[in-house]
Amino acid sequence: YGFDMDYTLAEYKSPEYDFLGFDLVKERLVEIGYPKEIKKFKYNPEFPVRGLWWDNLHGNMLKVDGFGNILFCCHGLKFMKAEEIAEKYPNKFIKLDDSRIFVYNTLFNLPEIYLLACLIDFFQNK
């Protein structure tokens with residue numbers, strides 16, 4: 001149970017809410033032209049965490065501490081190794097830049113994070 005984004009009291013059940021949102025967006029993507037194979041994606045509530053940063057430049061999801069130090073990094077569903085992270089992000093550091101970074105900071109973003117990771121993985125491995 002939780003609160004709606006505008007702080008009005010609303011009841012929703014998680015993870016049921018997350019599964020529904022994930023499935024509805026998959027359906028919509030297929031309707032607008034994405035491959036039908038994405039309907040096979042199954043939501044995994046254990047993968048996404050709140051507070052991930054999306055890097056538009058490299059297409060990676062980053063978990064970053066309050067100082068900009070990268071704690072871990074994923075490309076699609078693959079967790080990157082320390083060497084791979086250092087290659088893209090010298091000193092394992094990134095500055096918050098609105099033109100490059102989008103922060104997924106709410107619980108409502110969890111299905112979106114996982115769907116984005118699934119899509120990246122799907123198109124990279126196709």
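Hi everyone, let's start with helix 1. Counting 1.5 Å for each residue, its 16 residues should span 22 Å, and the C-alpha atoms at its two ends sit 23 Å apart, so the two values agree. Before I go on, please keep in mind that this is a predicted model.

Which residues of helix 1 are buried? They are D18, F22, K26, L29 and V30. If you look down the axis of helix 1, these buried residues fall within an arc of 100°, so they line one face of the helix. As a reminder, an α-helix has 3.6 residues a turn, so residues three or four places apart point the same way. Now turn to the face of helix 1 that points away from the buried side: there you will find the exposed residues L20, L24 and E31.

Next, the aromatic rings. How many aromatic pairs does a search of the whole structure find? The search gives twelve. Take Y17 and F108: their ring centres are 5.6 Å apart and their planes make an angle of 80°, so this pair is edge-to-face. Y17 belongs to helix 1, residues 16-31, while F108 lies in the loop between strand 7 (101-104) and helix 3, so the pair ties together parts that are 91 residues apart in sequence. Both partners are partly exposed: Y17 has a relative accessibility of 37%, and F108 has 22%.

Another edge-to-face pair is F102 with Y104, at 4.8 Å centre to centre and 75° between the planes. Are these two residues buried or exposed? F102 is partly exposed, because its relative accessible area is 43%. Y104, on the other hand, is buried, at 6%; the cut-off for buried is under 20%.

There is also a cluster to show you. Ring pairs link F19, F22, Y43, F47, F72, F79 and Y114. You have met F22 already, as one of the buried residues of helix 1.

Let me finish on the surface. Which residues form a nonpolar patch there? I32, Y34 and F123 do, and together they have about 280 Å² of accessible area. F123 comes from helix 3, which covers residues 110-124. With a relative accessibility of 40%, F123 counts as partly exposed.

So, if you have the model open, a good tour goes from the buried face of helix 1, through the edge-to-face pair of Y17 and F108, and on to the surface patch with F123. Thanks for listening, and I'm happy to go back to any of these views.

Terms used: Residues numbered from 1 in each chain as written. Predicted model: local features only at pLDDT ≥ 70, side-chain atom pairs only at ≥ 80, totals over all residues. Heavy atoms only, no water. Patch = residues over 30% accessible without salt bridge, like charges linked within 9 Å, V, L, I, M, F, W, Y side chains within 5 Å. Areas by Shrake-Rupley, 256 points an atom, 1.4 Å probe, with all protein chains shown as cover. Salt bridge = Lys/Arg side-chain N within 4 Å of Asp/Glu carboxyl O. Helix = DSSP H or I, 4+ residues; strand = E, 2+ residues; numbered from the N terminus. Buried < 20%, exposed > 50% of the residue type's maximum accessible area, 1.4 Å probe, protein only. Phe/Tyr/Trp six-rings, centres within 6.5 Å; stacked < 30°, edge-to-face > 60°. Expected span 1.5 Å × (residues − 1). Arc of directions from axis to C-beta.
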